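Open the model in your viewer and keep the selection tool at hand. The stops below say what to select next and what is there.

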Amino acid sequence: MADRTPLVVVGDALLDRDLTGSADRLAPDAPVPVVTVVPECAERVRPGGAALAAYLAARDGREVTLIAGAGDDPASQALRELLEPWLTLVPLPLTGALPEKTRVLAQDRPVLRLDRGGGRAREATDEARAALRSARAVLVSDYGRGAADALRDVLTARPPLVWDPHPRGGPPVPGTRLVTPAEKEAHGFAPQDGRPGGGLRAAAHSAATLVRDWRAAAVAVTLGSRGALLSYGEHPLLVPAPASHHGDSCGAGDRFAATAAGLLADGALVGEAVEGAVGAATAFVAAGGAGALPRADSRPAAPSPDTDDPYALAARVRAQHGTVVAAGGCFDLLHAGHVGLLQAARRLGDCLVVCVNSDASVRRRKGGGRPVNPLADRIRVLRALACVDAVAVFDEDTPERLLGDLRPDVWVKGGDYAGADLPEAALLQEWGGQAVLLPYLDGRSSTALMARAAEGAR
């Protein structure tokens, strides 16, 4: 978006390739799978490493400058062509060829990786130093190939918002606002001193140790499908993933770091940035990871819409052949019945849009004194639920017009509507959707809560 803060990414760029095929037998001369390459999608090239983080930030609609090693070798030339439509590259001289990582996939699962090219950033340039000194927000994506070390003096004088570290790289500079190691990396950086090597307790110990040793404001240890553990030195905050996906996780760490840096640049608190980054990384894996990204050599379209835009969200999920689920209600006093219904609804598809009545609509339906909570507060509470991907508001008594625009695949109502007429059911049939009822926790309702509160007050 036009009002998003520009971002400078410093780090080590790679060129990634995927060779895609199928495997249904083992080689006769060795116990290895025989991969038959699919001609129409035999090879796909994309940015990797720091270049992927920068590319993802640019696809978010952000102005991005990437400071990374790049030379005149074929891999560097290919990377320049991929990045040119999206961002500004400030190259650092390389000692060798740009590193390339090639994955061989069968049935969309990696079976082998080939690495070549050992180029390292040789030194900083005046152009790189000037770009870094004038940056409003900085992300360091360190893949241990020299770029962060070459500019460490400038980074020390102006600590970055986010540092994504690598075991072969140097430590983050003191004062970094958020460091984002993966769980295994965190344990390597902070030995456990005889403690068990896994689990939340070990992650919490590692995070607290790294906050102290690195003199960072915060450390977020990414835990894959479990989310992330955020520590400021003690009493860590666990940010769970909104859903568990077992797809291709390639690039999920770059998605996490790019999102967190962008949110911090735009003024979010660290906790808010980590929560947004967990959601973005989860959606990234669900969509197929880096291998499912649109081709980087296509010209950029309009900036990506905000995650909270329900119509853009539904369009993206449909484009990926996913299932759009919608649920509706007033949600005036959010209670266990609401939460159970929304959690069950989210499990029916790939995103959940909650359609909520406006204040005027609630008053017409519920009478004077309602809603107890105004629309802005109800939206904020709903958006805070991990199972809710977006919220849409309708001002009418029923959501037919909104549903006609949103066109969900599944429309969910609570079981307390059983036997009642559902006008939405016929509407969904127009585009092949389905209205369903889900069990509702008995005795839970906003009206009942208000009555008990009033009785208690007397």
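**Stop 1: two loops with positive phi**

Start by selecting R407, which is partly exposed, with a relative accessible area of 39%. Keep in mind throughout that this is a predicted model. R407 sits in the loop that runs between helix 14 (400–406) and strand 18. Its phi is near 50°, a positive value in a residue other than glycine.

Now select H321, in the loop between helix 10 (310–319) and strand 15. Phi of H321 is near 65°, again positive in a residue other than glycine. Is H321 buried or exposed? The relative accessible area of H321 is 75%, so this residue counts as exposed, the cut-off being over 50%.

**Stop 2: the open sheet**

The strands that follow these two loops, 15 and 18, lead into a sheet. Select strands 17, 16, 15, 18 and 19: in that order the five form an open sheet, with parallel pairing. Which strands stand at the edges? They are strand 17 (390–394) and strand 19 (434–438); each has a single partner strand, so one side of each is left without a neighbour in the sheet. From one strand to the next, the twist averages 30°.

For the pairing of strand 15 with strand 18, select residues 324–329 and 410–414; three bridges join these parallel strands. Within that pair, A326 stands opposite W411 of strand 18.

Next add helix 13 (residues 375–384), which packs on the sheet and touches strand 16 (351–357) and strand 17. The direction of helix 13 makes about 160° with that of strand 16.

**Stop 3: strand 5**

Select residues 64–69, which make up strand 5. How many of the residues of strand 5 are buried? Six of the six are, so the strand is largely enclosed by the rest of the structure. Show the residues one by one: V64, L66 and A68 point one way from the strand, while T65, I67 and G69 point the other way.

Then bring in the partners of strand 5. Strand 1 (residues 7–11) runs parallel to strand 5 and is joined to it by four bridges; here L7 stands opposite V64. Strand 6 (residues 88–92) also pairs with strand 5 in the parallel sense, over five bridges. In that pairing, I67 stands opposite V90 of strand 6.

**Stop 4: G117**

Move to G117, in the loop between strand 8 (109–116) and helix 3 (126–133). G117 is partly exposed, with a relative accessible area of 35%. Leaving aside residues up to four places away in sequence, G117 touches A97, L98, P99 and R145. Draw a C-alpha to C-alpha distance from G117 to D73: the two are 9.8 Å apart in space and 44 residues apart in sequence.

**Stop 5: the second largest pocket**

Finish at the second largest pocket, which holds about 1,000 Å³ of space. Which residues lie nearest its centre? Select S249, C250, G251, A252 and G253; they belong to a lining of 41 residues. The elements that give two or more residues to this lining are strand 2 (13–22), strand 4 (43–49), strand 7 (100–106), helix 8 (252–265) and helix 9 (270–286). Coloured by residue class, the lining divides into 15 nonpolar, 14 polar and 12 charged residues.

Terms used. Residues are numbered from 1 along each chain as its sequence is written. This is a predicted model: local features need pLDDT of at least 70, side-chain atom pairs count only at pLDDT 80 or more; totals for chains, interfaces and linings use all residues. Side-chain values use heavy atoms; hydrogens and water are left out. Two strands pair if DSSP finds at least two bridges between them. Axes are lines fitted to C-alpha atoms, for helices over the stretch in contact, and angles run from 0 to 180 degrees between N-to-C directions. Contact means heavy atoms within 4.5 Å. On a 1 Å grid over the protein atoms alone, a cavity is a set of points where a 1.4 Å probe fits but cannot get out, and a pocket is an open set with protein on both sides within 12 Å along at least five of seven lines; lining residues have an atom within 4 Å of a point. Grid points are joined across faces, edges and corners, and a volume is the space filled by probe spheres set on the points. Ala, Val, Leu, Ile, Met, Phe, Trp, Tyr, Cys and Pro count as nonpolar, Asp, Glu, Lys and Arg as charged, and the others, Gly among them, as polar. Buried means under 20% relative accessible area, exposed over 50%, partly exposed in between (1.4 Å probe, protein chains only).
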